[in-house]
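Me: I've got a structure open and I'd like to learn how to read it. Can you walk me through it, feature by feature?

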Amino acid sequence: MSIAVHSLDPQQLKIWLMAAGKRDAAAFRALYDASSSKLFGFALRILHKRELAEEILQESYVAIWNNAANYQSHLAAPMTWMATIVRNKAFDHLRRTDAVVEIDAQQFDGDVMNALQDPQATPIEALQMSGDAKALAWCMSALEGAHRQVVALAYFHDLSHSEVAAQLKLPIGTVKTWIRRSLDKLRVCLARREQA
């Protein structure tokens with residue numbers, strides 16, 4: 001069976017991602033082959049320049065390789081998680097070039113869904129990806145504004161706790177507490193939506 005058949009199968013992507021977290025280079029290559037064209041399209045949609053999108057995609061896959069062991073399937077589908085990394089890297093580039101960067105959970109959900117549309121995906125696969133992304137966006141929107149911003153900077157923009165604290169001019173302890181509490185709320189929210 002070719003990789004293309006499984007290219008958007010969330011279960012297969014999850015298996016490859018988990019194996020990559022254990023430093024399985026062959027699984028990472030399969031993950032790359034299955035997902036890179038979609039993620040490149042996503043980067044290109046944000047950056048509008050092919051060379052920049054290629055550069056950001058490369059940086060993103062380095063981050064995916066380095067963070068695969070931290071992937072938590074109960075928080076996001078594999079493509080949603082990887083698209084978030086691409087989005088973070090693209091926005092980091094835009095921020096470095098003084099472009100306007102905004103955090104908007106609804107826009108993020110829409111961008112992820114548009115980037116991941118696949119005419120060959122089965123309705124079940126499309127529904128699964130859509131449901132995971134919408135659940136995450138909905139749960140993010142339920143967080144208090146300041147807490148949502150702290151989580152978004154830490155996870156959507158890949159900033160460290162100290163970088164978030166510096167950017168928002170908050171004590172590091174406050175940032176850590178807000179992130180911990182917000183992640184707990186997200187877990188509970190996602191679990192409830194999964195049971196519904």
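**Loops, helices and packing**

Reply: Let's start with one residue: histidine 48 has 65% relative accessibility, so it counts as exposed, since the cut-off for that is over 50%. Keep in mind that this is a predicted model.

Me: Where does histidine 48 sit?

Reply: You'll find histidine 48 in the loop between helix 2 and helix 3. Its backbone deserves a look too: histidine 48 has a positive phi of about 65°, although it is not a glycine.

Me: Which loop holds arginine 23?

Reply: Arginine 23 is in the loop between helix 1 and helix 2, the latter covering 25-47. Arginine 23 isn't a glycine either, yet it has a positive phi of about 70°.

Me: And how do I class arginine 23: buried, partly exposed or exposed?

Reply: Its relative accessible area is 44%, so arginine 23 is partly exposed.

Me: Let's zoom out. How many helices and strands are there in the chain?

Reply: The chain has 9 helices and 0 strands. Going along the sequence, the pattern reads α-α-α-α-α-α-α-α-α.

Me: How much of the chain is buried?

Reply: Of the 196 residues, 46% are buried. As for the surface, about 10500 Å² is accessible, and carbon and sulfur atoms account for 53% of that. You can also ask how far apart in sequence the contacting residues are: among contacts with a separation of 6 or more, 67% join residues 24 or more positions apart.

Me: Now the helices. What describes two packed helices?

Reply: Two things: the angle between their axes and the distance between the axes. Try helix 3 (residues 50-67) and helix 4 (residues 78-96): their axes come within 9 Å and cross at roughly 130°. That angle makes helix 3 oblique to helix 4. The crossing is right-handed.

Me: Which residues of helix 3 and helix 4 meet?

Reply: From helix 3 you have Leu52, Ile56, Glu59, Ser60, Ala63, Ile64 and Asn67, and facing them in helix 4 are Trp81, Met82, Ile85, Val86, Lys89, Ala90 and His93. Sorted by class, that contact has 9 nonpolar, 3 polar and 2 charged residues.

Me: What about helix 1 and helix 4?

Reply: Helix 1 (residues 10-21) has an axis that comes within 8 Å of the helix 4 axis, crossing at roughly 60°. So helix 1 is oblique to helix 4. Pro10, Leu13, Lys14 and Leu17 of helix 1 touch Pro78, Met79 and Trp81 of helix 4. That contact splits into 6 nonpolar, no polar and 1 charged residues.

Me: At what angle do helix 8 and helix 9 cross?

Reply: Helix 8 (residues 161-168) and helix 9 (residues 172-195) cross at roughly 115°, with axes coming within 9 Å. They are therefore roughly perpendicular to each other, and their crossing is right-handed. His161, Ser162, Val164 and Ala165 of helix 8 make the contact with Ile172, Val175, Lys176 and Ile179 of helix 9. By class, that's 5 nonpolar, 2 polar and 1 charged residues.

Me: One last residue: is leucine 57 buried or exposed?

Reply: Leucine 57 lies in helix 3. With 7% relative accessibility, leucine 57 counts as buried, because the cut-off is under 20%.

Me: What does leucine 57 touch, leaving out residues up to four places away in sequence?

Reply: Ser36, Leu39 and Phe40. Take leucine 39: 18 residues separate it from leucine 57 in sequence, and the C-alpha to C-alpha distance is 7.1 Å.

Methods: Residues are numbered from 1 along each chain as its sequence is written. This is a predicted model: local features need pLDDT of at least 70, side-chain atom pairs count only at pLDDT 80 or more; totals for chains, interfaces and linings use all residues. Side-chain values use heavy atoms; hydrogens and water are left out. Axes are lines fitted to C-alpha atoms, for helices over the stretch in contact, and angles run from 0 to 180 degrees between N-to-C directions. Helices (H or I, at least four residues) and strands (E, at least two) are DSSP runs, numbered from the N terminus. Angles under 35 degrees count as roughly parallel, over 145 as roughly antiparallel, 65 to 115 as roughly perpendicular and the rest as oblique. A crossing is left-handed if the near helix is turned anticlockwise from the far one by less than a right angle, and right-handed if clockwise. Contact means heavy atoms within 4.5 Å. Ala, Val, Leu, Ile, Met, Phe, Trp, Tyr, Cys and Pro count as nonpolar, Asp, Glu, Lys and Arg as charged, and the others, Gly among them, as polar. Buried means under 20% relative accessible area, exposed over 50%, partly exposed in between (1.4 Å probe, protein chains only). Accessible areas come from the Shrake-Rupley method with a 1.4 Å probe; for residues, only the protein chains shown count as cover.
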